[in-house]
Amino acid sequence: MAAAGTAAGPAGPEPMPSYAQLVQRGWGSALAAARGCADCGWGLARRGLAEHAHLAPPELLLLALCALGWTALRSAATSRLFRPLAKRCRLQPRDAAKMPESAWKFLFYLGAWSYSTYLLFGTDYPFFHDPPSVFYDWKTGMAVPRDIAVAYLLQGSFYGHSIYATLYLDAWRKDSVVMLIHHVVTLVLIISSYAFRYHKVGILVLFLHDISDVQLEFTKLNVYFKSRGGSHHRLHALAADLGCLSFSLSWFWFRLYWFPLKVLYATSYCSLRSVPDIPFYFFFNALLLLLTLMNLYWFLYIVAFAAKVLTGQVRELKDVREYDTAEALSPKPSKAEKPLRNGLVKDKRF
């Protein structure tokens, strides 16, 4: 297996490919890698883990402790901040039950996306404008910059918390099983990309996904706050409508356009140019492809919602993933959110 990548990349950023180029070059590279792998199998995987994975037990312990910290912080914020705020604003009971979940997620994803935005645009990291650069100078066990390590710790521990939250805290929705799979895949990607020092591409993946979560939860909060205190608030209704529009557009642009053409192109094609025998090539690309398929799955909810709006079947924002009262035989109704759910379309992320 290779121990280091190329010393440097091209003189300037490589132009972003088309979908056709992604499929042609990515598929061609994968086939060539498969044909050239004479000793692929569990033996090679075990050697790859021993030679290239660098993850100390104290780092895993810190990740677990931070995940517990997120759970404790959410509980405290819900009881001392979000629920009192919902009561003070006199939200409708069904909205007051759902508001804490959206408020918690909105605050986290806003902070997480702001930080990844700073890393990509407020520092010298060229990963967004030149995605193939994530593999330039790659080395086994290379040092992870502290600012990126902080992002990994926060995101990894939050997704550890999110697995528990999906099972025991959040409202149970029609896509909750897919959401749980997403959280597991994301956590595996975060931990393994850190261990194999693919942290540069990891930051790009997080940036391209977190923005949709920010817009989703912002929109849902405005849906909850537009009818409060016995009156209708037009400002919140307008913010919800604009948030729904921007959420739908950004989902496609960030997750279905930039993500495959920047991230998948870099990992499936450019990675082999920089590091011909890059470790666990098929493992990481398979997980990233699975993430893309889940993005497409949730985009169908967005399209379904838009179709209902255009055909007049829906007159207000509603989360089409949530169970109606008539469908109350949910496999796991939320302890805190059993009333009718009324929000927007939901998403999810690496």
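## Briefing: a helical chain and its nonpolar patch

Ile 181 is partly exposed, with a relative accessible area of 42% (buried means under 20%, exposed over 50%, partly exposed in between, using a 1.4 Å probe and protein chains only). Its place is in helix 6. Heads-up: this is a predicted model, where local features need pLDDT of at least 70, side-chain atom pairs count only at pLDDT 80 or more, and totals for chains, interfaces and linings use all residues. Residues are numbered from 1 along each chain as its sequence is written, and side-chain values use heavy atoms, with hydrogens and water left out.

**Overall layout**
- The chain has nine helices and two strands (DSSP runs numbered from the N terminus: H or I of at least four residues for helices, E of at least two for strands).
- Reading from the N terminus, the order is α-α-α-α-α-α-α-β-β-α-α.
- Of its 350 residues, 50% count as buried.
- Take the contacts (heavy atoms within 4.5 Å) between residues at least 6 apart in sequence: 84% of them join residues at least 24 apart.
- About 16,300 Å² of the chain is exposed, and carbon and sulfur atoms supply 68% of that (Shrake-Rupley areas with a 1.4 Å probe; for residues, only the protein chains shown count as cover).

**The nonpolar patch**
- Ile 181 shares a surface nonpolar patch with Val 177, Leu 289, Leu 290, Leu 293 and Leu 296, and together they have about 510 Å² of accessible area.
- Helix 6 and helix 9 (281-310) are the elements giving two or more residues to this patch.
- Helix 9 supplies the largest share, four residues.
- Patch rules: residues need over 30% relative accessible area and no salt bridge, with like charges joined within 9 Å and nonpolar side chains (Val, Leu, Ile, Met, Phe, Trp, Tyr) within 5 Å. A salt bridge here is a side-chain nitrogen of Lys or Arg within 4 Å of a carboxyl oxygen of Asp or Glu.

**Helix 5**
- The 23 residues of helix 5 (146-168) should span 33 Å at 1.5 Å a residue, and the end C-alpha atoms are indeed 33 Å apart (expected span is 1.5 Å times one less than the number of residues).
- Its buried residues include Ile 148, Tyr 152, Gln 155, Tyr 159 and His 161.
- Among the elements covering those buried residues are helix 3 (57-88), helix 4 (93-121), helix 6 (176-195) and helix 7 (199-225).

**UniProt annotation**
- An unreviewed UniProt entry lists residues 103-121, 177-196, 235-258 and 278-307 as "transmembrane region" (positions follow the numbering used here, feature names are shortened, and annotations may be inferred rather than shown by experiment).
- Residues 177-196 are 95% helix and 0% strand, with end C-alpha atoms 28 Å apart.
- Residues 235-258 are 100% helix and 0% strand, with end C-alpha atoms 32 Å apart.
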